[in-house]
Amino acid sequence: MTDRSLTLSAPAKINLYLGVHTERDDRGYHRVDSLMAAVGLADAVTVTPAQALTVQTVPASDFPMQKNTAYRAAIAMAERYGRDANVCVTIEKRIPLCAGLGGPSTDAAAVIVALAELWGIDRADPALDDIARGIGADVPFFLHTSPALYVGGGDVLATEYPVLPATPVVLVKPHETSVSTVEAYRRFDESPVPAEKPDAIASVLRAGDAEAAYALVHNNLGVISAQMEPRIQAVLDWLRAQEGTVAVDVCGSGACSFAICDTVAAAAHLAGAAQQNGWWACTTELIPNTVQIDAPKK
């Protein structure tokens, strides 16, 4: 391993389509079709050679580092490649937790990418996808391009689509609101909400028709999350009533929601109004890349 340090941009994601099905795979996981797109809101992950593996977050997290997905990713990489993951990982957290934005998943992917770079491993090595899948369903997405459809348990790459334009997006999350993904799936099993087929949105994305795709945004697990947490439903109702929104839905299982907007000005106005309502909110945009190694500053 070299003695250089790497800083990576680890972006959040939104689900343009999330279809959860009642069938399960051999692992007991629900069959999930997940069409994800990366957005510009990103954690900054710095990986520096060290005497032993450590993971720290800024601000500091309230759980042991061994439970951090980034730590687990480093251990899995070390086991797969027979190396020592002697690095210090520092994660500057900008993506809110318990939001459905993929924060822990993108951080784990950043560590996989960083160690592959430092150890001279091709980023296209299929073993990296296997390692990512072992950490969490969304982790493989952050190793590839955006947007893309994942099937199986939502963790197997099916199709990558043409790059979407840098469309403005507003993210809104009620403070102190979270949804247990496990509980959301349990509620789904009790009272399943049928998923629309992804064929229509997949077809227009393949044709490069972004506007048509936005009109087909869908998330049947988000319906359950909004039933579980009325504050999510309040955000959705408010966003859908605002001018300038093209599509509105829940991010993953929540508790964050997103609005795709027709202009940057509309997005800025919406984020400001959401903050006035007492919610966390930020403006961002759809981006074509997932985890990227930042170029060294000159």
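1. A friendly start inside the fold: by class, the residues lining the largest cavity are four nonpolar, one polar and two charged. Keep in mind that this is a predicted model. The lining is made up of Ile112, Val113, Arg123, Leu128, Asp129, Leu143 and His144. Going by the classes, Ile112, Val113, Leu128 and Leu143 are the nonpolar members, Arg123 and Asp129 are the charged ones, and His144 is the polar one.

2. Which helices border this cavity? Helices α2 (103-118) and α3 (126-135) each give at least two residues to its lining. The space inside is about 30 Å³, and the count of cavities of 30 Å³ or more comes to one.

3. Now to the open spaces. The largest pocket has a volume of about 1400 Å³. It is lined by 50 residues, and those closest to its centre are Pro104, Ser105, Asp138, Thr181 and Ser253. If you have the structure open, these five residues will take you to the middle of the pocket.

4. What sort of residues line the largest pocket? By class, 20 are nonpolar, 20 are polar and 10 are charged. Strands and helices both take part: β1 (6-24), β2 (30-49), α1, α2, α3 and α4 (181-190) each supply at least two lining residues. Helices α2 and α3 thus appear again, as each also supplies at least two residues to the lining of the largest cavity.

5. The second largest pocket holds about 190 Å³ of space. Its lining consists of Arg94, Pro96, Leu97, Cys98, Lys173, Pro174, His175, Glu176, Thr177 and Trp280. By class, that gives five nonpolar, two polar and three charged residues. The charged ones are Arg94, Lys173 and Glu176, while His175 and Thr177 count as polar.

6. Strand β3 (residues 54-58) is worth a look for its two faces. Which of its residues sit on the covered face? Val55 and Thr57 do, whereas Thr54, Gln56 and Val58 are on the uncovered face.

7. How does β3 pair with strand β4 (residues 87-92)? The two strands run parallel and are joined by five bridges. One residue to pick out is Gln56, on the uncovered face of β3, whose bridge partner in β4 is Thr90. Between the two strands, the chain passes through helix α1 (residues 69-81), and this β-α-β crossover is left-handed. Helix α1 also supplies at least two residues to the lining of the largest pocket.

Notes. Residues are numbered from 1 along each chain as its sequence is written. This is a predicted model: local features need pLDDT of at least 70, side-chain atom pairs count only at pLDDT 80 or more; totals for chains, interfaces and linings use all residues. Side-chain values use heavy atoms; hydrogens and water are left out. On a 1 Å grid over the protein atoms alone, a cavity is a set of points where a 1.4 Å probe fits but cannot get out, and a pocket is an open set with protein on both sides within 12 Å along at least five of seven lines; lining residues have an atom within 4 Å of a point. Grid points are joined across faces, edges and corners, and a volume is the space filled by probe spheres set on the points. Helices (H or I, at least four residues) and strands (E, at least two) are DSSP runs, numbered from the N terminus. Buried means under 20% relative accessible area, exposed over 50%, partly exposed in between (1.4 Å probe, protein chains only). Two strands pair if DSSP finds at least two bridges between them. A crossover is right-handed if, with the strands pointing away from the viewer, the path from the first strand over the helix to the second runs clockwise.
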